[in-house]
Amino acid sequence: GLQYKQYASINGRDQWVNVNGAPKTATAVYDIRLQQIHGGLGVNYMIDKIGFTTSQQVNLNYAYHLAIAQGTLSLGISAGFSQYALKPYWTAPQTLLDSALPSAGRTNYINVNTGVMYKVNKLVMGVNVINIYNHCLSSPDVFNLRPHWMANASYLFSIGNNFEIKPQMLVMSDLINASLNLNCLAIYKKQYWIGTSYRTSDAISIMAGVDIKEKYRICYAYDHTINKLASVSQGSQEVGLAFLLK
């Protein structure tokens, strides 16, 4: 509810095309600003398939908006239900099956996330953490779902009456590894935009989009892989549709 009175979007991503078992992700988001609660409410759903595993997650979100120094501080928290499933297809050996190989199954767990964002004039910046407490899932496989920290910032520069430039930054880390995303968008008449992005040790991207009647958004992005999968990957593609109400 910080950016728009109402916002809804669906997004699909096909990562590392031509790589067997590569990630495929779809998301759906809706949020609304409500003056009665001095903030916003939202819900989001994600499904992520990687190899033999499928993760699904649905979250309910709440943010309290506080006016500070000509800007708005948004304090948010969310909680939801997650499911992790494994459905392996093993090529059976001639001997007995290897007991070390995980079998099919699924596990459910509760996730909690929180974050803070500040918007003043043309500057937006925020910090958030997802999966606040460290889950240790033992079925159908054994792994730790660590907390992930994210920090983002963007600023909108006006160039004349029709053009705007919007640099963006996103840092993600689980406090062991980190990834940095640097974006730059060129916007024409607040309707058409094109941009480029660099994600450390992973990809260089181009993206484009159009806002129709200041209510509907269509966007597309293509990533050129620069990591060790570059010799087999045909890049990544992402398509998004959104409804915006200011």
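Strands β4 (53-68) and β5 (71-86) each contribute at least two residues to a nonpolar patch in this predicted model. The largest share, 4 residues, is supplied by β4. On the surface, the patch consists of L41, Y62, Y64, L66, I68, L75, I77, V116, V127, W149 and L175, and together these residues have about 920 Å² of accessible area. One of the patch residues, Y62, is located in strand β4. Y62 has a relative accessibility of 31% and is therefore classed as partly exposed.

Aromatic contacts form a second topic. Across the whole structure, a search identifies 5 aromatic pairs. Among them is the pair of Y188 and Y192, which is stacked, with 6.5 Å from centre to centre and 25° between the planes. Y188 and Y192 also belong, with F163, to one aromatic cluster.

Another pair joins Y216 and F243: the ring centres lie 5.9 Å apart and the planes stand at 50°, so this pair is tilted. The Y216 and F243 pair connects distant parts of the chain, as Y216 belongs to strand β16 (residues 216-225) and F243 to strand β17 (residues 236-245), with their positions 27 residues apart in the numbering.

The table lists the accessibility of the residues in these two pairs.

| Residue | Relative accessible area | Class |
|---|---|---|
| Y188 | 32% | partly exposed |
| Y192 | 41% | partly exposed |
| Y216 | 41% | partly exposed |
| F243 | 29% | partly exposed |

The class of F243 follows from its value of 29%, because partly exposed covers the range between under 20% (buried) and over 50% (exposed).

Key: Residues numbered from 1 in each chain as written. Predicted model: local features only at pLDDT ≥ 70, side-chain atom pairs only at ≥ 80, totals over all residues. Heavy atoms only, no water. Patch = residues over 30% accessible without salt bridge, like charges linked within 9 Å, V, L, I, M, F, W, Y side chains within 5 Å. Areas by Shrake-Rupley, 256 points an atom, 1.4 Å probe, with all protein chains shown as cover. Salt bridge = Lys/Arg side-chain N within 4 Å of Asp/Glu carboxyl O. Buried < 20%, exposed > 50% of the residue type's maximum accessible area, 1.4 Å probe, protein only. Phe/Tyr/Trp six-rings, centres within 6.5 Å; stacked < 30°, edge-to-face > 60°.
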